Amino acid sequence: MQDIFITKLPAAIDSWTKALPKSRLAAIVPEVLEHGSTKSKASEACIFWLHMNEDRQQWMENTIAAIMKNYQGAKIVVLANAPNHAESIHALKLGAMGYCHAHIAPAVLKDVRSVVSHGGLWVGQDILQALIETSTKLVTNRPEHVETLLGKLTKREKEVALEAAKGSSNKEIARVLSITERTVKAHLASTFERLGAKDRLQLALMLNGNYKH
């Protein structure tokens, strides 16, 4: 999957290069994604990373609209120097699948890419918790359905999954369960695969019957 950073900067931020060394840099959305590839052929395997500039909202709206019009299969992640809640929600409404700080660590940027490339959403921890709280109030699964899902997990995976379904971060889960963040990530990856969840929000909705426990 090809990564293209749309930015006014003359060079990529170090964390971008370290996380995605094969990525490309462009000032505007390119007409062709790969040598010899048309937009329709290449868009399915591309992630556009939009680095917010001075125009911010208007530029974001116009750029996302242009990508969605010409590259329907592409994924979009918005990178903000000064992230804010309202803007993140607006970005998702426009069609972005991710919103995060432009200077996040390379390891986190890789996590964002992994989640988005598999069809999941990535937002900041505060936004995630707000979305979970709102969504789980609207949707309730039957207890037996939730128990069936939890039955597919190991004891530790179940513990991690239920904490994640509350909106807890990996660091918070690690502290509560007295395990490492690396172990939390491993259990979550296994849980997503076992249950077919694309991201934490979907996991929270699936396990809604046990959400407040």
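Which residues in helix 3 meet which residues in helix 4?

**Entry 1, helices 3 and 4.** I opened the file keeping in mind that this is a predicted model, and I went to the pair named in my question. On the helix 3 side I listed Gln57, Met60, Glu61, Ile64 and Met68, and these meet Glu87, His90, Ala91 and Leu94 in helix 4. Sorting the residues of this contact by class, I noted five nonpolar, two polar and two charged residues. I then looked up the geometry: the axes of helix 3 (residues 57-70) and helix 4 (residues 85-94) come within 10 Å and cross at roughly 20°. Because angles under 35 degrees count as roughly parallel, I entered helix 3 as roughly parallel to helix 4. For the handedness of the crossing of helix 3 and helix 4, I wrote down right-handed.

**Entry 2, helices 8 and 10.** How do the axes of helix 8 and helix 10 cross? I found that the axes of helix 8 (residues 155-164) and helix 10 (residues 181-195) come within 9 Å, with a crossing angle of roughly 90°, and I therefore recorded the two helices, 8 and 10, as roughly perpendicular to each other. From helix 8, the residues Arg156, Glu157, Val160, Ala161 and Ala164 take part, and in helix 10 they meet Val184, His187, Leu188, Ser190, Thr191 and Arg194. By class, I have the contact of helix 8 with helix 10 down as five nonpolar, three polar and three charged residues.

**Entry 3, Ser178.** Going back along the chain from helix 10, I stopped in the loop between helix 9 (170-177) and helix 10, where Ser178 lies. I marked Ser178 for its backbone, since it has a positive phi of about 55° although it is not a glycine. Is Ser178 buried or exposed? I noted Ser178 as exposed, its relative accessible area being 66%.

**Entry 4, cysteines.** I looked for disulfides, taking a pair of cysteine sulfur atoms within 2.5 Å as the criterion, and the count came to zero. I also looked up the accessibility of two cysteines: Cys46 is buried, with a relative accessible area of 0%, and Cys100 also counts as buried, at 6% relative accessibility.

**Entry 5, the chain as a whole.** I closed with the totals, and for the protein chain I have eleven helices and five strands. Of its 213 residues, 46% are buried. Among contacts between residues at least 6 apart in sequence, I noted that 61% join residues at least 24 apart.

Definitions and conventions. Residues are numbered from 1 along each chain as its sequence is written. This is a predicted model: local features need pLDDT of at least 70, side-chain atom pairs count only at pLDDT 80 or more; totals for chains, interfaces and linings use all residues. Side-chain values use heavy atoms; hydrogens and water are left out. Axes are lines fitted to C-alpha atoms, for helices over the stretch in contact, and angles run from 0 to 180 degrees between N-to-C directions. Helices (H or I, at least four residues) and strands (E, at least two) are DSSP runs, numbered from the N terminus. Angles under 35 degrees count as roughly parallel, over 145 as roughly antiparallel, 65 to 115 as roughly perpendicular and the rest as oblique. A crossing is left-handed if the near helix is turned anticlockwise from the far one by less than a right angle, and right-handed if clockwise. Contact means heavy atoms within 4.5 Å. Ala, Val, Leu, Ile, Met, Phe, Trp, Tyr, Cys and Pro count as nonpolar, Asp, Glu, Lys and Arg as charged, and the others, Gly among them, as polar. Buried means under 20% relative accessible area, exposed over 50%, partly exposed in between (1.4 Å probe, protein chains only).
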